[in-house]
Amino acid sequence: MRHALRCAVLFLLVMVALPAHASAASAQEPERPVVRVGTEGTYPPFSFHDPGTQELTGYDIDVIKAIADKAGWDLEFVETQWDAVFPALDAGRLDVIANQVSVNEERAAKYGLSDPYTYSRGVIIRRTGDEGIQTLDDLRGKTTAQSSTSNWAQVAKDAGANVEAVEGFAQAAALLTQGRVDAIVNDNIAVLDYLASTGSTEVEIAGNAGAETSEQVLTFRKTDQALLDQGNRAIAELKADGTLKGISEKYFKADVSVPDGGEADLSEGRGHRSTWDVLRSTAWPMFVGLVQVTIPLTVLSFAIGLSLALLVALARISPYKVLSGLARAFISIIRGTPLLLQLFIVFYGLPQLGVKFPPFTAAVIAFSLNVAGYAAEVVRSAILAVPKGQFEAAATIGLDYRQTLRRIILPQATRTAVPPLSNTLLSLLKDTSLGSVVLLTELFRESQLAAAESNEFLALYAFAGLYYWVICVALSAGQKRLETRLDRYVAR
């Protein structure tokens, strides 16, 4: 018995000592910072989704992962459109951009640019056989397709071209093959990847876009000097131990991490896939985007927006001029500005005032306010459509204003408001496709990711449209059932 007691005491002492020892050991280990990496995910071979696994991959992704291992970072990838990536960095939503950012004076003045990790050259792409475009001088007066904030857009503008803004190279290539633009100026590696993966013979490289070599870097905020220094040290180590060369040769069969490291060879490419293979591999990610983002965003935004719309509508018909004036101003602002602008203000603008929301929350706020602005007038007109005699009848039986609204007016107004409010709900469902600009990967964004990798625009966008249509049909059926149930409030 005494021996058993000693063993029990010894066991308790060991159990108490272990956590203390573990906590002391963990206290000695420096905590790894989480670095948020901004990238397109639609710019192969630098940043794209593997069609088999749907994992984010590419040359830039492998490079930033290798840098993180050296620098001691934990990475969190944030995918967004190219034209939104710099505003996201400015707003503190990202810590670094890894997406073939080219060095120029404007960026060097505003951001912290790392040492170069890729060297490439710009090329001019034309429709096959268009001998009228051979050099930059030939672009004067022509129309090119470019990401509006890219370095290549500025090259095209300086050459006298009219620049048509697109979200990425895949869209630009589609516009060129369709004859909607005359040329593209872009990175030669991206062009070689496009030609190899699509097997396209409709476009060709006309020549170099200038003689200078383009340097690509990681982009940090000026205030994040410590991260910039860590990144530069890691890049130097990766060049010295041959890691960068290995990553480069994996993708390009040449060392593009140094000047004159050889001509990139993407002749084997990623291989062209059939339309059926593309749809089959994308159907599930699109469904996940629908269930996890599109539907919850729609439901929450509509519920909150409708509640706000009722309050705004009641304020709008209030006899108090202050309330009525504020309601009028709110409705005027919401209906007089684009939804996309409202999203940008909430997500990118407010952080400059110290108000910062997560992507999903920011989207809910913007969409809810937009719904409230439009639905308020629907609710107001439905309330005013109820005969005034209903108010008088309610007063004669002793109901106050609140009870009259809840029991008499709103049940009747609801029947009138359901059809136009249903239209608002259907519009909201489709408007959620703008969620990608605030870093949300919803249904439409998944189709964009797949289209950028495969160039199957028609099939993928039609398939995304099928998803939206099915949900809209289901909502319309629900609207009909709701109208039937509310018919009991209508006097016959």
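## Exercises on helix packing, a buried arginine and the nonpolar cores

In this predicted model, helix 6 (residues 169–177) packs against helix 7 (residues 188–198) at an angle of about 65°, and their axes are 11 Å apart.

**Exercise 1.** Determine the handedness of the crossing of helix 6 and helix 7, and state which residues make the contact.

*Solution.* The crossing in which helix 6 passes helix 7 is right-handed. Helix 6 contributes F169, A173 and T177 to the contact, and helix 7 contributes A190, V191 and Y194. Sorted by character, five of the contact residues are nonpolar, one is polar and none is charged.

**Exercise 2.** Decide whether R126 is buried or exposed, and identify the polar contact partner of its side chain among side chains.

*Solution.* R126 belongs to strand 8 (residues 122–127). Its relative accessibility is 7%; because buried means under 20%, R126 counts as buried. The side chain of R126 makes a polar contact of 2.8 Å with the side chain of E204. In addition, a polar atom of the R126 side chain lies 3.4 Å from the backbone oxygen of D130. Beyond four places in sequence, R126 also touches other residues, including L176, D182 and E202.

**Exercise 3.** Describe the largest nonpolar core and the surroundings of Y348.

*Solution.* The largest nonpolar core has 52 residues, and F86, Y348, F367 and V438 have the most contacts inside it. Among the elements giving two or more residues to this core are helix 3 (82–90), helix 12 (339–349) and helix 13 (359–385). Helix 13 supplies the largest share, 12 residues. Leaving aside neighbours within four places in sequence, the contacts of Y348 include T80, A84, P87 and V438. Another core, of 44 residues, lies apart from this one and includes Y43, A66, I184 and V256.

Key
Residues numbered from 1 in each chain as written. Predicted model: local features only at pLDDT ≥ 70, side-chain atom pairs only at ≥ 80, totals over all residues. Heavy atoms only, no water. Core = buried A, V, L, I, M, F, W, Y, C linked by side-chain atoms within 4.5 Å. Buried < 20%, exposed > 50% of the residue type's maximum accessible area, 1.4 Å probe, protein only. Helix = DSSP H or I, 4+ residues; strand = E, 2+ residues; numbered from the N terminus. Contact = heavy atoms within 4.5 Å. Axes fitted to C-alpha atoms, helices over the stretch in contact; angles between N-to-C directions. Left-handed = near helix turned anticlockwise from the far one by under 90°. Nonpolar A, V, L, I, M, F, W, Y, C, P; charged D, E, K, R; others polar. Polar contact = N/O pair within 3.5 Å; in protein donor to acceptor, adjacent residues only side chain to side chain.
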